[in-house]
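Visitor: I would like to go through this model label by label, asking in each case what earns a residue or a pair its name. Please set the value beside the cut-off each time.

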Amino acid sequence: MSENKTEVIVGTAVLAAAIGFLVYAGQATGYSNDTGEYDLIASFRSVEGISVGTDVRMAGVTVGSVKALDLNAETFRADTTLAISDSIVVPDDTSVAIASEGLLGGNFVELVPGGSPFNLEPGDEIIDTQSSVSLISLLLKFVSGSGE
């Protein structure tokens with residue numbers, strides 16, 4: 001009987017240590033339920049090169065990430081949900097574009113703020129969007145000579 005009590009005490013201590021480690025790891029990596037973000041919506045003709053988790057940047061600084069990508073069945077455009085940090089205020093005349101890090105680099109979503117004194121509220125839609133440019137289609141136009 002004393003062996004069972006010892007096993008229970010040791011098991012409880014190991015379980016408590018594991019839970020403590022998980023809590024510490026979650027805090028160290030910044031994981032929490034309250035992410036301190038708000039959502040903005042943007043509709044693109046093409047979201048080629050981006051996916052859920054892609055960086056959203058403003059002036060080269062990461063200010064959020066792509067939270068969701070969905071096809072709008074009525075407009076046949078890609079509705080994109082952007083999770084933006086609460087500390088960033090976005091003017092209501094901001095434009096959003098899918099940009100590339102370079103010729104061989106990945107794509108990211110770039111916010112280009114306007115000069116409006118009014119700001120977007122959580123859940124608002126950014127109207128001015130620019131879709132990704134396909135490098136392959138540009139090269140095909142150049143090679144075929146139809147890019148006049």
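Visitor: Which residues are linked in a network of salt bridges?

Guide: This is a predicted model, and in it Asp55, Arg57 and Glu101 are linked in such a network. A search of the whole structure finds three salt bridges, among them the pair of Arg57 with Asp55 and the pair of Glu101 with Arg57.

Visitor: What makes the contact of Glu101 with Arg57 a salt bridge?

Guide: The label requires a side-chain nitrogen of Lys or Arg within 4 Å of a carboxyl oxygen of Asp or Glu. For Glu101 and Arg57 the closest N and O atoms are 2.7 Å apart, and this value lies within 4 Å, so the pair carries the name. Glu101 sits in the loop between strand S5 (95-100) and strand S6 (107-112), whereas Arg57 belongs to strand S2 (residues 55-58), so the pair ties together parts that are 44 residues apart in sequence.

Visitor: Why does the pair of Arg57 and Asp55 also count as a salt bridge?

Guide: The closest N and O atoms of Arg57 and Asp55 are 3.5 Å apart, and because the limit is 4 Å, this pair is counted as well.

Visitor: How do you know whether Arg57, Asp55 and Glu101 are buried, partly exposed or exposed?

Guide: Buried means under 20% relative accessible area and exposed means over 50%, with partly exposed in between. Arg57, with a relative accessible area of 17%, falls under 20% and is therefore called buried. Asp55 at 28% relative accessibility counts as partly exposed, and Glu101 at 48% relative accessibility likewise counts as partly exposed.

Visitor: What makes Lys67 and Asp39 a salt bridge, and which strands hold the two residues?

Guide: The closest N and O atoms of Lys67 and Asp39 are 3.0 Å apart, which is within 4 Å, so the pair meets the definition. Lys67 lies in strand S3 (residues 61-71) and Asp39 in strand S1 (residues 37-44), so this salt bridge ties together parts that are 28 residues apart in sequence. Lys67 has a relative accessible area of 47% and is partly exposed, and Asp39, at 24% relative accessibility, is partly exposed too.

Visitor: Why is Thr81 called buried, and which residues does Thr81 touch?

Guide: Thr81 lies in strand S4 (residues 78-85), and its relative accessibility is 15%, a value under 20%, so the term buried applies. Leaving aside residues up to four places away in sequence, Thr81 touches Asp39, Leu40, Ile41, Ser65, Val66, Lys67 and Ala68. Both partners of the salt bridge between Lys67 and Asp39 therefore appear in the list of residues that Thr81 touches.

Visitor: Why is helix H2 described as hardly covered?

Guide: Helix H2 (residues 135-144) has 10 residues, and the count of buried residues among them is zero; because buried means under 20% relative accessible area, none of these residues falls under that cut-off. Val143, placed in helix H2, has a relative accessible area of 68%, which is over 50%, so Val143 is exposed. The C-alpha atoms of Val143 and Glu74 are 35 Å apart in space, with their positions 69 residues apart in sequence. Just after H2, Gly145 takes a positive phi of about 80°.

Visitor: Which residues other than glycine have a positive phi, and are they buried or exposed?

Guide: Among them is Ala59, with phi near 55°, found in the loop between S2 and S3; its relative accessible area is 74%, over the 50% cut-off, so Ala59 is exposed. Phe76 also has a positive phi of about 55° without being a glycine, and its place is in the loop between S3 and S4. At 62% relative accessibility, Phe76 is over 50% and therefore counts as exposed.

Visitor: How does the radius of gyration of the protein chain stand against that of a compact globule?

Guide: A compact globule of 148 residues would have a radius of gyration near 15 Å, whereas the protein chain has 23 Å. The C-alpha trace spans about 90 × 45 × 35 Å along its principal axes, and 26% of the 148 residues count as buried.

How values were computed: Residues numbered from 1 in each chain as written. Predicted model: local features only at pLDDT ≥ 70, side-chain atom pairs only at ≥ 80, totals over all residues. Heavy atoms only, no water. Helix = DSSP H or I, 4+ residues; strand = E, 2+ residues; numbered from the N terminus. Buried < 20%, exposed > 50% of the residue type's maximum accessible area, 1.4 Å probe, protein only. Rg over C-alpha atoms; globule rule 2.2 N^0.38 Å. Contact = heavy atoms within 4.5 Å.
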